[in-house]
Amino acid sequence: MDRTSSSAETEEVGARIAASLAPGDVVLVSGELGAGKTTLIRGACRELGVTDPVVSPTFTIGRRYRGRLPVSHLDLYRLEGLQDEDPGLLDDYLTADAVAFLEWPRAAEPQLERVAVRVELTHDGGDNRVITVRRT
Ligand code: ADP
Ligand code: MG
């Protein structure tokens, strides 16, 4: 468990997680709005060599970045489930060569085969966050 009190510290936690990832790994990142999911993923992406700005995907469920390896960043906030969606919806993002980070992963969880890490962020007053990182 980590406690952070700034976005920079949360980015550090993300970077530490990224250092242990391999192609094909999927990282689920949960927590309320504003908990720091995108911030943590930004830190992870930097560690993976991504230089493009890392912001929440809007108008699309995900983005692909180029780093030392391909990096996918998905935000499934608006998805209730995948049963009414195109069955290939995630295929462009969850590729064997890429590391993938999923915000609001619940809708996709039943069909994910290779979850490497689960991260949960919670508010703890002001700029404080509690972050739990579980490797699976
Ligand atoms: P989410 O993706 O979970 O909705 P974001 O990462 O987009 O959250 O936003 C988190 C917001 O909280 C940012 O504005 C960030 O600057 C702020 N913040 C303050 N303290 C922290 C912290 N300890 N960790 C992460 N973000 C923090
Ligand atoms: Mg976000």
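Is Asp2 buried or exposed, and what is its relative accessible area? In this predicted model, Asp2 is buried, its relative accessible area being 18%; the legends below take up this residue and several other local features in turn.

**Figure 1. Close-up of the salt bridge between Asp2 and Arg16.** The closest N and O atoms of Asp2 and Arg16 are 2.9 Å apart. The pair ties together distant parts of the chain, with Asp2 in strand S1 (residues 2-4) and Arg16 in helix H1 (residues 7-18), a separation of 14 residues. Because its relative accessible area of 18% is under 20%, Asp2 counts as buried, whereas Arg16, at 47% relative accessibility, is partly exposed. This pair is one of the salt bridges in the model, for which a search of the whole structure gives a total of five.

**Figure 2. Close-up of the salt bridge between Arg3 and Asp124.** Here too a residue of strand S1 takes part, since Arg3 lies in S1 while Asp124 lies in the loop between strand S6 (115-123) and strand S7 (129-135). The two residues are 121 residues apart and so link distant parts of the chain, and their closest N and O atoms are 2.9 Å apart. Arg3 is exposed, with a relative accessible area of 55%, and Asp124 is partly exposed at 38% relative accessibility.

**Figure 3. Close-up of the salt bridge between Arg118 and Glu109.** The side chains of Arg118 and Glu109 meet at a distance of 2.6 Å, taken from N to O. Arg118 is partly exposed at 26% relative accessibility, and Glu109 is likewise partly exposed, with a relative accessible area of 31%.

**Figure 4. Close-up of the magnesium ion (ligand 2) and its protein donors.** The donors supplied by the protein are Thr38, through OG1, and Glu103, through OE, which lie 2.1 to 2.2 Å from the magnesium ion. These donors bring together distant parts of the chain, as Thr38 belongs to helix H2 (residues 37-47) and Glu103 to strand S5 (residues 99-103), the two being 65 residues apart. Thr38 is buried, with a relative accessible area of 15%, and Glu103 is also buried, at 3% relative accessibility.

**Figure 5. Close-up of the packing of helices H1 and H2.** The axes of H1 and H2 are 6 Å apart and meet at an angle of about 50°, so the two helices are oblique to each other; their crossing is right-handed. On the H1 side the contact is made by Ser7, Thr10, Glu11, Val13, Gly14, Ala15, Ile17 and Ala18, and on the H2 side by Thr39, Leu40, Arg42, Gly43, Ala44 and Glu47.

**Figure 6. Close-up of Phe59, a residue with positive phi.** Although Phe59 is not a glycine, its phi is positive, at about 65°. Phe59 is placed in the loop between H2 and strand S3 (62-66), where it is exposed, with a relative accessible area of 88%.

**Figure 7. Close-up of Trp104, a residue with positive phi.** Trp104, which is not a glycine either, has a positive phi of about 50°. Trp104 lies in the loop between S5 and S6 and is partly exposed, with a relative accessible area of 27%.

Technical notes:
Residues numbered from 1 in each chain as written. Chains lettered and ligands numbered in written order. Predicted model: local features only at pLDDT ≥ 70, side-chain atom pairs only at ≥ 80, totals over all residues. Heavy atoms only, no water. Salt bridge = Lys/Arg side-chain N within 4 Å of Asp/Glu carboxyl O. Helix = DSSP H or I, 4+ residues; strand = E, 2+ residues; numbered from the N terminus. Buried < 20%, exposed > 50% of the residue type's maximum accessible area, 1.4 Å probe, protein only. Donors = N, O, S within 2.8 Å, 3.2 Å for Na, K, Ca; no water. Axes fitted to C-alpha atoms, helices over the stretch in contact; angles between N-to-C directions. Parallel < 35°, antiparallel > 145°, perpendicular 65-115°, else oblique. Left-handed = near helix turned anticlockwise from the far one by under 90°. Contact = heavy atoms within 4.5 Å.
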